[in-house]
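Visitor: I'm new to reading protein models. Could you walk me through this one?

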Amino acid sequence: MQHPIRAVLTVRNVFRDAPVAAILPCTMSMPRPVRTSAWAAAALLLACSPGYVIRAGIEEAKILAGREPIARVIADPATPDEERRKLRLVVQARDFAERVLALDAEDSYTTYSRVGRDTLLLVLSAAWPDRFEPYTWWFPIVGHVPYKGFFDFTAAHAAAERLRGQGFDVYVRPSPAFSTLGWFNDPVLDTVLGADDVDLVATVIHEIFHNTLFIPSRVSFNESLASFAGDRGAIAFFCMRDGERAPSCLRARDAWHDTLLFGSWLNGLVAELETLYGRTDLTRETKIEQRGSVIAAARDRFSTGILPRLRVSHRGFARTRIDNATLIGIRLYYDRLDLFERVYERYEGDLVAALRAIEAAARSDAADPFGAVGRLLDPP
């Protein structure tokens, strides 16, 4: 089974997950009453439409009710060999994340749940066409987020059409997983097992990292840092387990090389558009017209300057439609990855030390976590 992300977007790991608050805002207070308050309960009611909440609650209940301990599934003789192999890899990756990387795995990824379809949910994002500004939804705990997840695919497309009718750029994309940020015992889903080994390990570490650090209303920072932790973590996992010359180690390194290269190109395009949208001498209509030329030029640079240098991934991006909604959604996972990589290099390749330093910096300045991390490289 081809990974649904790769099949639809043909971009490696562009969208691994969606925080559960963007999907199930009205279940957040259930498992941990110590974190519940009167304002949160009221906000939950205000944040949700009844139909959305009911459907989301039913789907989450199905996932939770269908959980089985991974060890039991592995031991079951009826489990297909490839499924068993992938689950063993998940167990190894989870243990590595907790034991070697010192991440807060809690009880996440100790159970397995089959949802019986390739795509778990659809995620909707939207943006103004004349400025690089996302349409956002507000949910308790995590704050403002630039996307909303739907288990009901018809409802997702209907919501997209409503936003498109209001003049927004709109993007609907599939997601095979989500993180509950440690609120629930997140199971491994069969939608994730379609990934290749490197992507699967990176995804497990990515999701577990969300338990370790999540800054409210800083989605781009959270997702990009988790992408760094997942991809760098996958390199460490395979190179330690299989050896520096092993194909798995080399592929993990190649994948991270491609991700950094793609991220650099993407951030360059975003910077160009931000410059265009910031011009006060242009009308809204002119900005929308000129952005087409900016995007077309960036496509040419991708085809001539980026594509020949890619090793194992991101090659299909040239066929992806590009507008503000698409770019905002994609950039969430690629925002300033080079910054995290430079911190990693400053700590001489010690991933655990780099992650701990980044986490401490981000917690010290939640209003500007990227700035806080940048100060690790140029302390006052």
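Guide: Sure! One term to start with: a nonpolar core is a set of buried Ala, Val, Leu, Ile, Met, Phe, Trp, Tyr and Cys residues joined through side-chain atoms within 4.5 Å. Keep in mind that this is a predicted model.

Visitor: Okay, so which residues touch the most other members in the largest nonpolar core?

Guide: That core has 96 residues. Another core, of 11 residues, lies apart from it, with Phe 150 and Leu 163 among its members. Back in the largest one, the residues touching the most other members are Phe 221, Leu 225, Phe 228, Trp 265 and Phe 340.

Visitor: What is Phe 340 in contact with, leaving aside its neighbours within four places in sequence?

Guide: Contact here means heavy atoms within 4.5 Å. With those neighbours set aside, the partners of Phe 340 are Phe 221, Ser 224, Leu 225, Phe 228, Asp 335, Ile 358, Phe 370 and Val 373.

Visitor: Which helices help cover the buried residues of helix 12?

Guide: Let's see what needs covering: the buried residues of helix 12 are Leu 337, Leu 339, Phe 340, Glu 341, Val 343 and Tyr 344. Their cover includes helix 8, helix 9, helix 13 and helix 14.

Visitor: How do helix 9 and helix 12 lie relative to each other: roughly parallel, roughly perpendicular, roughly antiparallel or oblique?

Guide: Their axes are 9 Å apart, and the helices pack at an angle of about 130°. Roughly perpendicular covers 65 to 115 degrees, while roughly antiparallel means over 145. An angle of about 130° fits neither, so helix 9 and helix 12 are oblique.

Visitor: And how many charged residues does the contact of helix 9 with helix 12 have?

Guide: From helix 9 come Trp 256, Thr 259 and Leu 260, and they meet Leu 337, Asp 338 and Glu 341 in helix 12. Sorted by class, the contact has 3 nonpolar residues, 1 polar and, for the charged ones, 2.

Visitor: Which residues form the disulfide?

Guide: The structure holds 1 disulfide. To count, the sulfur atoms must be within 2.5 Å, and here they are 1.9 Å apart. One partner sits in helix 8 and the other in helix 9, 10 residues apart. Both are buried, and the pair is Cys 239 and Cys 249.

Visitor: What handedness does that disulfide have?

Guide: For this, look at the torsion about the S-S bond of Cys 239 and Cys 249. The torsion is about 80°, so the disulfide is right-handed.

Note on methods. Residues are numbered from 1 along each chain as its sequence is written. This is a predicted model: local features need pLDDT of at least 70, side-chain atom pairs count only at pLDDT 80 or more; totals for chains, interfaces and linings use all residues. Side-chain values use heavy atoms; hydrogens and water are left out. Axes are lines fitted to C-alpha atoms, for helices over the stretch in contact, and angles run from 0 to 180 degrees between N-to-C directions. Helices (H or I, at least four residues) and strands (E, at least two) are DSSP runs, numbered from the N terminus. Angles under 35 degrees count as roughly parallel, over 145 as roughly antiparallel, 65 to 115 as roughly perpendicular and the rest as oblique. Ala, Val, Leu, Ile, Met, Phe, Trp, Tyr, Cys and Pro count as nonpolar, Asp, Glu, Lys and Arg as charged, and the others, Gly among them, as polar. Buried means under 20% relative accessible area, exposed over 50%, partly exposed in between (1.4 Å probe, protein chains only).
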